[in-house]
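Got your viewer open? Load the model below and follow along, selecting as you go.

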Amino acid sequence: MAVFTFLERFDFSGKTIKPFCTHEGSEMGSSERDIRSLCPDAKVEKGLAIHGGSVNRSRKDIEKWIG
(Lines give C-alpha, C1' and ligand atoms only; values in the text may rest on other atoms or scores of the structure.)
Protein backbone atom coordinates (compact mmCIF):
# COMPACT_ATOMS: atom_id res chain seq x y z
CA MET A 1 0.00 0.00 0.00
CA ALA A 2 2.95 2.36 0.50
CA VAL A 3 3.64 2.34 -3.24
CA PHE A 4 -0.02 3.10 -4.02
CA THR A 5 0.04 6.03 -1.60
CA PHE A 6 3.20 7.35 -3.24
CA LEU A 7 1.73 7.04 -6.74
CA GLU A 8 -1.52 8.71 -5.69
CA ARG A 9 0.27 11.61 -4.01
CA PHE A 10 2.46 12.76 -6.90
CA ASP A 11 1.74 13.77 -10.49
CA PHE A 12 3.41 11.41 -12.94
CA SER A 13 1.90 13.00 -16.05
CA GLY A 14 4.35 12.78 -18.94
CA LYS A 15 6.75 10.60 -16.92
CA THR A 16 7.95 7.08 -17.69
CA ILE A 17 7.52 4.46 -14.98
CA LYS A 18 9.54 1.24 -15.11
CA PRO A 19 8.16 -0.99 -12.34
CA PHE A 20 10.34 -3.68 -10.78
CA CYS A 21 10.05 -6.04 -7.87
CA THR A 22 11.33 -9.19 -6.27
CA HIS A 23 8.92 -12.04 -5.66
CA GLU A 24 8.61 -15.61 -4.49
CA GLY A 25 6.26 -16.81 -7.22
CA SER A 26 3.71 -14.09 -7.96
CA GLU A 27 5.91 -12.22 -10.46
CA MET A 28 4.41 -8.76 -11.26
CA GLY A 29 0.89 -9.83 -10.36
CA SER A 30 -1.43 -6.93 -11.24
CA SER A 31 1.17 -4.25 -10.52
CA GLU A 32 1.50 -2.92 -14.07
CA ARG A 33 -2.27 -2.65 -14.48
CA ASP A 34 -2.62 -1.00 -11.06
CA ILE A 35 0.10 1.54 -11.85
CA ARG A 36 -1.53 2.39 -15.19
CA SER A 37 -4.81 2.92 -13.36
CA LEU A 38 -3.24 5.18 -10.72
CA CYS A 39 -1.07 7.10 -13.22
CA PRO A 40 -3.16 7.31 -16.42
CA ASP A 41 -1.07 10.13 -17.92
CA ALA A 42 2.25 8.35 -17.43
CA LYS A 43 3.97 5.91 -19.76
CA VAL A 44 4.17 2.61 -17.88
CA GLU A 45 6.70 0.27 -19.43
CA LYS A 46 6.95 -3.50 -19.02
CA GLY A 47 8.11 -4.31 -15.53
CA LEU A 48 10.86 -6.59 -14.31
CA ALA A 49 10.11 -9.23 -11.71
CA ILE A 50 13.05 -11.08 -10.20
CA HIS A 51 12.60 -14.21 -8.15
CA GLY A 52 14.00 -13.58 -4.68
CA GLY A 53 16.33 -16.56 -4.84
CA SER A 54 17.83 -15.23 -8.09
CA VAL A 55 18.59 -11.69 -6.97
CA ASN A 56 22.33 -12.33 -6.63
CA ARG A 57 22.44 -13.60 -10.23
CA SER A 58 20.22 -10.96 -11.84
CA ARG A 59 22.66 -8.19 -12.76
CA LYS A 60 22.64 -8.96 -16.52
CA ASP A 61 18.83 -9.16 -16.58
CA ILE A 62 18.59 -5.79 -14.82
CA GLU A 63 21.12 -4.14 -17.15
CA LYS A 64 19.27 -5.49 -20.21
CA TRP A 65 15.91 -4.30 -18.83
CA ILE A 66 17.25 -0.82 -18.08
CA GLY A 67 18.33 -0.64 -21.71
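**Helix α1 and the overall layout**

Start by selecting Thr5, which sits in helix α1 (residues 2-9); helices here are DSSP runs of H or I with at least four residues, strands are runs of E with at least two, and both are numbered from the N terminus. Thr5 is partly exposed, at 47% relative accessible area. For that scale, buried means under 20% relative accessible area, exposed means over 50%, and partly exposed is in between, with a 1.4 Å probe and protein chains only. Now draw a C-alpha distance from Thr5 to Leu38: the two are 33 residues apart along the chain and separated by 9.7 Å.

Before going further, some bookkeeping. You are looking at a predicted model, where local features need pLDDT of at least 70 and side-chain atom pairs count only at pLDDT 80 or more, while totals for chains, interfaces and linings use all residues. Residues are numbered from 1 along each chain as its sequence is written, and side-chain values use heavy atoms, with hydrogens and water left out.

Zoom out and colour by secondary structure. The chain has three helices and four strands, and reading along the sequence gives α-β-β-α-β-β-α. The C-alpha trace spans about 35 × 25 × 15 Å along its principal axes. Of the 67 residues in the chain, 22% are buried. If you plot a contact map (contact means heavy atoms within 4.5 Å), residues 24 or more positions apart account for 63% of the contacts with a separation of 6 or more.

**Helix α2 and the core**

Next, select Ile35, found in helix α2 (residues 31-38). Ile35 counts as buried, at 9% relative accessibility. What is Ile35 in contact with, leaving aside its neighbours within four places in sequence? Show Leu7, Ile17, Pro19 and Val44, and you have the answer.

Now show the side chains of Leu7, Phe12, Ile17, Ile35, Cys39, Ala42 and Val44. These seven residues form the largest nonpolar core, where a nonpolar core is a set of buried Ala, Val, Leu, Ile, Met, Phe, Trp, Tyr and Cys residues joined through side-chain atoms within 4.5 Å. In soluble globular proteins, nonpolar side chains tend to be buried together.

While you are on α2, click Ser31, which lies in this helix. Ser31 is partly exposed, with a relative accessible area of 30%. Measure from Ser31 to Phe6 and you should get 14 Å, C-alpha to C-alpha, for a pair 25 residues apart in sequence.

**The cysteines**

Select the sulfurs of Cys21 and Cys39. How many disulfides are there? The count is zero, taking a disulfide as a pair of cysteine sulfur atoms within 2.5 Å. For Cys21, the nearest cysteine sulfur is that of Cys39, 16 Å away. Is Cys39 buried or exposed? Cys39 counts as buried, at 5% relative accessibility, whereas Cys21 is partly exposed at 21%. Leaving aside neighbours within four places in sequence, Cys39 is in contact with Leu7, Phe12 and Ile17.

**The loop before α2**

Move to the loop between β2 (20-23) and α2, where you will find Gly25. Gly25 counts as exposed, with 56% relative accessibility. The C-alpha atoms of Gly25 and Lys46, 21 residues apart along the chain, are separated by 18 Å.

Glu27 is also placed in the loop between β2 and α2. Check the backbone torsions of Glu27: phi is positive, about 50°, although this residue is not a glycine. Most residues other than glycine have a negative phi. Glu27 is exposed, with a relative accessible area of 53%.

**Helix α3 and the surface**

Now for the other end: select helix α3 (residues 59-66). This helix is hardly covered, as the count of buried residues among its eight residues is zero. Gly67 follows α3 and has a positive phi, near 80°. To place α3 against the core, draw a C-alpha distance from Ile35 to Glu63: 22 Å, for residues 28 apart along the chain.

Finish with the surface switched on. The accessible surface of the chain comes to about 5300 Å², and 52% of it belongs to carbon and sulfur atoms; the areas come from the Shrake-Rupley method with a 1.4 Å probe, and for residues only the protein chains shown count as cover.
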